[in-house]
Amino acid sequence: MESQIEVKNPATGQTIQKISTTSVEKLPAIFQKAREVQKDWAQIPLKKRCKKLTDLRECIVTHCDDLIDLISNENGKPKIEAMVHDLIPSLDALTNFSKSARKVLSDRSIPLINPVLKTKVSKLDFWPLGIVTVISPWNYPFFLPFTEVIMALVAGNAVILKPSEVTPLCGLKIQELCEEAGFPRGLVQTVIGDGKIGAAIIDQKPAKIFFTGSVNTGKRIAKQASECLIPVNLELGGKDPMIILSDADLDFASSIALWGTFANSGQICASTERILVQESIADEFKKRIKEKVSQLKFNPTNMKDTDLGAITFKNQKTVLEKQIKDAKNKNASFLTGGKFRKNKISLEPTLIEDNGADLEAYIEESFGPIAVIKTFHSIDEAVELANRSKYALSASVVTSNLSLGEDIAKRLETGTVLINEVAYAPGLTETPWGGLKDSGYGKRHSDIGLLEFVNIRHINKPISRALIFKSFWWFPYSPYQYITFRKMIAIYHKSWFDKLKALPLFLWNFVQFFKKEKRL
Ligand code: NAD
C-alpha cells in the first residue's frame with residue numbers, strides 16, 4: 001500500500017515536499033520493465049555506454065547549483081559540504097569511470113603457463129549481472145547511491161535504487177538526471193520507502209545487492225539474500241582511529257582531528273571517532289583542539305555560512321544521547337560539548353577524554369559529532385589500540401615522518417589508511433573503498449570495484465583452426481602418456497642437469513604415444 005513521506009529539512013524542520021512511497025505490489029512490474037530495458041542496454045557497445053557517462057556529467061554541471069541546494073536542504077548539511085563531499089566527487093566519478101570502464105571491462109587475454117597449452121588462448125569476457133539493487137543511507141544522499149548507479153550502468157546493468165526514506169529526493173533526482181542525459185527510461189528506477197520495501201526488493205531476486213548502511217541492516221540483508229544465494233556487497237559502519245604521533249605539528253594535528261571528527265557533523269562512515277594521541281603532546285593537543293572547536297559556527301538557518309550542519313536523522317539522536325549518558329555515568333570528562341542545543345536534536349561538538357572505563361562512545365559507532373581522545377606511549381601500543389575494534393573501515397596517521405607513517409599504515413588491519421589526511425577516501429573513486437570485520441565486505445569504486453558489477457566469463461579456444469586436435473591428456477590413458485607427462489615435470493621444473501637427463505625418455509615416449517596410441 002502506498003503512503004506518504006513528508007521530507008523535511010533537518011536543519012530548519014521545514015517541509016520540503018511530500019512524496020508517495022512505492023507499494024510492494026508495484027515491484028514485479030518495476031522489475032519486468034528493468035528486465036526489458038536492460039536487455040537492449042547490455043547490447044549497447046561499451047564505448048557508447050562510457051560516452052553516456054560524459055553526457056550525464058554535462059547534465060549535472062548544468063544543474064549544479066540546484067543539486068547543491070537539494071542535497072543541503074534534504075540532508076541539513078552546509079552547502080560547501082554538499083558541493084565538496086557529494087557533487088564534486090560524483091563528477092570525478094563520471095570522469096573516472098567513463099575512461100576506466102573501457103579498459104577494465106574490455107576482453108582481456110590471459111597467458112597460460114604450461115607449454116602444452118601454448119596452442120590455446122584464454123580470455124576473460126565481462127558481461128552484465130542484469131538487474132542490481134542499490135540500497136543507500138542518508139548521510140551522502142547523492143554521492144553514495146550515484147557512484148553505485150553509474151558503475152552499474154556502465155557495466156550494462158539496470159538499477160533498482162532504494163534511497164534512504166530520510167533522503168528520498170536525491171534518489172529520485174538521480175533517476176531524473178539519468179533520463180535527462182539520455183539513458184533509456186526504466187534503466188534506473190527509484191523505489192521509495194523504508195526497510196520494508198527494501199526487503200521486498202530483495203524478494204524480487206535482483207542479481208546483486210549493493211548495500212550501504214548500518215551493521216544490523218547489513219546482517220539482515222545478507223541473511224535474506226543468502227536464502228536465494230544473491231551476492232551482496234556490504235559497506236557498513238566504522239569507528240575510525242586517528243593516530244597522532246608526537247612529531248606531528250600541533251596546529252596541523254588539531255585541525256585534521258577537528259575536521260575528521262566534525263565534518264558532515266560526524267555523519268561520515270569514515271569519521272574520526274577515536275583520537276589516539278601520543279602522551280607527550282596530549283595536553284597541548286587538547287588545548288588547541290578545544291580552542292578550535294569553540295570557533296566552529298553553527299548556523300542552521302544559513303547553510304552558506306555555517307561549519308556545522310544538522311543531525312540528519314532524528315533517530316540518530318537516541319544513539320548519541322545514550323553514549324553521552326554512558327560517558328557521564330562512567331565519570332568521563334568532556335573536553336568539549338556533551339549537550340544538545342536548543343533545537344533539542346543538534347549535539348554540540350563533543351570530545352570525551354577516555355578514562356579506561358570502556359566507554360560506549362569509544363567502542364560503538366557514534367555516527368555523529370562525538371570522538372573520544374585516548375593517549376598512548378609507544379607506537380606498538382597505538383597500533384594495538386587502533387586494531388582493537390570490531391570495525392575496520394579506515395584510519396589516519398598524523399606524523400611528519402612519512403616513511404614511519406607508512407610503516408604504521410602497513411600494521412593497521414583496515415581497508416584504507418590515510419597519512420596526514422582524513423575521511424576523504426570514500427570520495428576517491430579511483431581507489432577501492434571497503435572494510436573488514438563488522439565494516440562489511442566487498443570493494444566499491446576503482447577498477448576492482450567495477451568488476452563487482454559484472455559476471456566474468458572465461459573463454460578458452462585453440463589459437464587457430466589448424467590447432468584443433470585431441471588433447472594429450474584425453475583418453476585413452478597409457479604408460480607412454482604417463483611417462484611423457486612425468487618427464488615433463490623434470491624438464492620444466494628441475495635443474496638443467498635433470499632436464500637433460502629427462503629429455504631422451506621424454507622424447508621417446510612422446511613419439512611412441514603418437515605412433516602407437518589411437519586417441520579415443
Ligand atoms: P540503515 O541501515 O538504517 O539504512 C540504510 C538503508 O537500508 C536505508 O535505505 C533503509 O531504508 C534500508 N533498509 C533498512 N532495513 C532494510 C531491510 N531489512 N532490507 C532492505 N533495506 C533496508 O542505515 P542508515 O541509518 O541509513 O545509515 C547509517 C549507517 O550507514 C552508519 O552505520 C554508517 O556508518 C553507514 N555508512 C557506511 C558507509 C560505508 O561506505 N561503509 C557509508 C555511509 C554510511
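Strand 5 (residues 131-135) and strand 8 run parallel, joined by 4 bridges. Two of the pairings can be pinned down by name: T133 has I209 as its bridge partner in strand 8, and I135 stands opposite F211 of strand 8. This is a predicted model, and everything described here is read from its coordinates.

On strand 8 there is a second parallel pairing, this time with strand 9 (residues 232-235), and here too the count is 4 bridges. Within that pairing, T212 stands opposite E235 of strand 9. The link from strand 8 to strand 9 involves helix 8 (residues 215-227), and the three elements together make a right-handed β-α-β unit.

How do these strands fit into the wider sheet? They belong to an open sheet of 6 strands, ordered 7-6-5-8-9-19, with mixed pairing. The edges are taken by strand 7 (188-190) and strand 19 (440-441); each has a single partner strand, so one side of each is left without a neighbour in the sheet.

Strand 8 itself is well tucked away. In a regular strand the side chains alternate between the two faces of the sheet. For strand 8, K208, F210 and T212 lie on one side and I209 and F211 on the other, and both faces are covered, with these residues all buried. Put as a count, 5 of the 5 residues of strand 8 (residues 208-212) are buried, so the strand is largely enclosed by the rest of the structure. The lysine is part of that picture: K208 is buried along with F210 and T212 on its side of the strand.

Back at the start of the chain, the pairing is of the antiparallel kind. Strand 1 (residues 4-8) and strand 2 (residues 15-20) are held by 5 bridges in that sense, with I5 partnered by I19 of strand 2. The two strands form a hairpin with 6 residues between them, and in the turn G13 has a positive phi of about 80 degrees.

Two buried helix residues are worth a look for the company they keep. N75 sits in helix 3 (residues 64-75) and counts as buried at 1% relative accessibility. Setting aside neighbours within four places in sequence, N75 is in contact with P10, W138, N139, P141, T167, N264 and T312. Y140 is 65 residues away from N75 along the chain, yet their C-alpha atoms are separated by 8.0 Å. The other residue, S446, belongs to helix 15 (residues 446-450) and is buried as well, with a relative accessible area of 2%. With neighbours within four places again left out, S446 is in contact with F97, M151, T429, E430, T431 and P432.

D407, in helix 14 (residues 402-409), makes for another kind of case. At 48% relative accessibility, D407 counts as partly exposed, under the 50% that exposed residues have to exceed. In sequence D407 and F367 are 40 residues apart, and in space their C-alpha atoms are 29 Å apart.

Aromatic rings turn up together in a number of places, with 14 aromatic pairs in the structure. One of them is formed by F475 and Y477, a tilted pair at 4.9 Å centre to centre with 55 degrees between the planes. Y477 is exposed, with a relative accessible area of 60%. Elsewhere, F469, F472, F506, F510, F513 and F514 form one aromatic cluster. Rings also meet charged side chains: the charged end of R274 sits over the ring of Y362, 5.7 Å from its centre, and K499 lies over the face of W496, at 5.3 Å from the ring centre.

What about the cysteines, and how many disulfides are there? The structure holds 0 disulfides. A disulfide is a covalent bond between the sulfur atoms of two cysteines, and the distances bear on the two cases picked out here. For C64, the closest cysteine sulfur is in C59, at 12 Å, too far for a bond. For C269, the closest cysteine sulfur is in C170, at 17 Å, which is again too far. C269 also counts as buried, with a relative accessible area of 19%, just inside the limit of under 20%.

Conventions. Residues numbered from 1 in each chain as written. Predicted model: local features only at pLDDT ≥ 70, side-chain atom pairs only at ≥ 80, totals over all residues. Heavy atoms only, no water. Buried < 20%, exposed > 50% of the residue type's maximum accessible area, 1.4 Å probe, protein only. Pairing = 2+ DSSP bridges. Right-handed = clockwise from strand over helix to strand, strands pointing away. Contact = heavy atoms within 4.5 Å. Phe/Tyr/Trp six-rings, centres within 6.5 Å; stacked < 30°, edge-to-face > 60°. Lys NZ or Arg CZ within 6 Å of the ring centre and 35° of its normal. Disulfide = S-S within 2.5 Å.
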